[in-house]
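Hi,

Here is the structure I promised to pass on to you. Have a look at it first, and then read my notes below.

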Amino acid sequence: MAELRRNPLNGQWVIVHVEDSWGPEKYEREDHSILAKATCQFCSGREFFTPPEIEALRPIGSAANSPGWQVRVIPNKFPALRIEGNLDLRHDGMYTLSNGIGAHEVFIETPAHERNLADLNDDEMFHVIDKYQSRLNDLTKDRRFKYVLIFKNYGESAGTTVEHPHSQIIALPMVPQYVMQELEGTKAYYDRYQRCVCCDMITQEYRDGARVITDNAQFLAFCPFASGYPFECCIIPRAHTCRFDTMNDGEKRVLGNILRETLARIKGCLGDPSYNLYIHVAPVNDGPHEHFHWHIEIVPKLMRTVGLERGTGFFSVPTDPDHAARYLREAAVAARR
Amino acid sequence: MPEFRQDPVIGRWVIISIERARRPGNFIDPINRRRRDDDQVCDLCVKPESPVYTMGDICVVRSRQSSATSGPQAPNGQNGLYEVIKDVGIHETIIETPDHVSNMADLPVGRIREIVQTYVARFNEIEQNTRLTHALIYKNYGLSQFAHHACSHIMAMPVASLEITEKLSGAQQYFRDHKRCVYCDLVEREIKDKKRIVVETDDFLAVVPFAARFLFETWIIPKKHHADFAQGVRGQEEGLARIFKIVLQKIKNGLDDTAYNWVIQTAPFRRQDAVRGKWQTIDVDYHWHVELIPRLTRMAGFEKGSGFYICAIPPEEMAEYLRDKEI
């Protein structure tokens, strides 16, 4: 049996297979052997191979682009967009186009090639989140940008071409389609009920309990009721906020804790799958978007050959999110540090 | 300099990366293709026991997942905030030939015409179920989880997907603004520009869209305006079969027999005015067409998380490559 479920954030319908739901063993495992360490440009000691760093966490007094750093932010060597110029939006008959301005940077999360974001300790994790926030805030100062997306591709089938642990940030002069859909969906709900749909969702997730993976004082990690992909996870602040940019150190630390724990559970439960992670923050420079509730989505890449959603727009999910959450809750993970 | 381009129907932006461009001829390693034409017995080679429909030796079978009641008393549910429909609709597989041919590109035009006629027949039959609002006809070719025996699918649902709703709304908005159909305008513009045309026939135009999301994405658009596939294709079944064959052959020969998906995009069912709802003006707004997407690239975090696509080759170059490809 399958059923259709509506994602309350954006109105997307997904097909969820609630009977004969697939467990972790049904999905293919992917090999993440370390192959490219000898030539890795992100490793400590090879700083001169990358474009000059934008920011880095390094000992006081140490020179930029020298070894000794803990987290390093560099421009993407092969950027999808260019930083120079003004947005030149123009019409060409029925078509609209513009020059491709934007920023595209890379966070090197650790100098250690073989480590994995899920294996960082709480301090290291805090510093990664801290750099996410710092770059988001810096790029927001550029008034040309309307959106800043922080994301991570882990593993080859999730689209990464570099083994060394890293994540990326792209600043864009327009708000992307999926974020727009969430903004519109949450706004429509707010206008109708004078409440935030994410806050209502958090209340219901706590009441139901079945889809909760883990939580702490400030964040909840759960498998969304209308997940578009199997074992999809969402990490969301428990209290309403559209601000990622103003999180204080304590909040960043507990976000790091739950992110690390969730990634470790995914790794433990699904055998270190490739995944995509992205942070949906509110648009920048044209707020306020008080009705929006920022969150992180993590999508393990378990099926290499999904095809239904391309074109039809229907997502078909072989694992019931209730089951996915149970597997993730029960996964053995290293004790919190 | 890379370029942003906006899809004129949905308003979705894509990045066309011009300097990083990979040359079209470089695609000899489609990532999703892991075909096993080995000694496994193909399920679809066996004549099905209880087809729901046949035309000659084309057979249509219903999938086990199908569940569709008719009438308004269908088992809907609400789980607090969450809406649930227990009724997932109808899913059928069209087995295009009894022979073990895998790519539709290798079927004769006459056979493809019969397949198109089968789609129309199933579409009209499924439309009788008043519970269902929308049908999609699609194909996934060369993906390992499917049998490599030429087949396509029809899926009819009680709801429309977000992507389709946006497309319908976008076309509706364009009509309100311009009093013209966006796809009719697009056909006119593309014939004038020429540079994005893959092939043009008397009744159809195949183009790489201005704001292509995927490498070698191709739209096949009928020149004659009609919102609905089953009605619009009447009298043009042969013409659709012919352009399908040409485009699929170009994709096969030019892109090393890559895996691909295509979907026939058509208006929701319009049985009577009472159930049209938001789509009162659909007959003038919307224009059926086929969207074909070769599977040459992976979706990474940026695309998945934002819906913002990066296309590594300018559409004009992709169209030129396919246009010049011999069949």
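**A covered strand in chain B**

Strand β13 (residues 260-265) of chain B is mostly covered, with six of its six residues buried. Before going further, a word on where this comes from: this is a predicted model, in which local features need pLDDT of at least 70, side-chain atom pairs count only at pLDDT 80 or more, and totals for chains, interfaces and linings use all residues. Residues are numbered from 1 along each chain as its sequence is written, while chains are lettered from A and ligands numbered from 1 in the order in which they are written.

Now the terms. A residue is buried if 20 or more other C-beta atoms lie within 10 Å of its own, exposed if 12 or fewer, and partly exposed in between, with C-beta atoms placed from the backbone. Helices (H or I, at least four residues) and strands (E, at least two) are DSSP runs, numbered from the N terminus.

In a regular strand the side chains alternate between the two faces of the sheet. So which residues of β13(B) sit on each side? B:Tyr260, B:Trp262 and B:Ile264 are on one side, B:Asn261, B:Val263 and B:Gln265 are on the other, and all are buried.

β13(B) also has partners; two strands pair if DSSP finds at least two bridges between them. Strand β8 (residues 134-141) of chain B pairs with β13(B) in the antiparallel sense over five bridges, and B:Tyr138 has B:Val263 as its bridge partner there. Strand β14 (residues 289-294) of chain B pairs with β13(B) too, antiparallel and over six bridges. In that pairing, B:Ile264 is matched with B:Val290.

**More of chain B**

Chain B has eight helices and 15 strands, and 50% of its 327 residues count as buried. Two residues are in contact if their C-beta atoms, placed from the backbone, lie within 7 Å. Among contacts in chain B between residues at least 6 apart in sequence, 75% join residues at least 24 apart.

B:Leu215 shows this kind of thing on a small scale. This residue lies in the loop between β11 (204-207) and β12 (218-222) of chain B. Is B:Leu215 buried or exposed? B:Leu215 is buried, because 21 other C-beta atoms lie within 10 Å. B:Leu215 and B:Leu296 are 81 residues apart in sequence, yet 6.7 Å apart in space, C-alpha to C-alpha. Leaving aside neighbours within four places in sequence, the contacts of B:Leu215 include B:Pro294, B:Leu296 and B:Met318.

Next, helix α5 (residues 237-254) of chain B. At 1.5 Å a residue its 18 residues should span 26 Å, and the end C-alpha atoms are 25 Å apart, which agrees; the expected span is 1.5 Å times one less than the number of residues. α5(B) is mostly covered, with 13 of its 18 residues buried. After α5(B) comes B:Asp256, whose phi is positive, near 55°.

**Over to chain A**

Ten strands of chain A form an open sheet in the order β3-β4-β7-β9-β8-β13-β14-β12-β11-β10, with antiparallel pairing. Its edge strands are β3 (55-57) and β10 (212-215), each pairing on one side only. Inside this chain, β4 (residues 71-75) and β7 (residues 103-108) run antiparallel and are joined by four bridges, with A:Arg72 partnered by A:Ile108.

A:Thr50 lies in the loop between β2 (13-17) and β3 of chain A. A:Thr50 is partly exposed, as 17 other C-beta atoms lie within 10 Å. Not counting neighbours within four places in sequence, A:Thr50 is in contact with A:Gln41, A:Ile74 and A:Lys77.

**Where the chains meet**

How many residues of chain A are in contact with chain B? The contact involves 55 residues of chain A and 53 residues of chain B. By class, the side of chain A that touches chain B has 26 nonpolar, 20 polar and nine charged residues. Here Ala, Val, Leu, Ile, Met, Phe, Trp, Tyr, Cys and Pro count as nonpolar, Asp, Glu, Lys and Arg as charged, and the others, Gly among them, as polar.

Strands meet across the chains as well: β1 (residues 2-6) of chain A and β6 (residues 82-85) of chain B run antiparallel and are joined by two bridges. There, A:Arg5 stands opposite B:Val84.

Cheers
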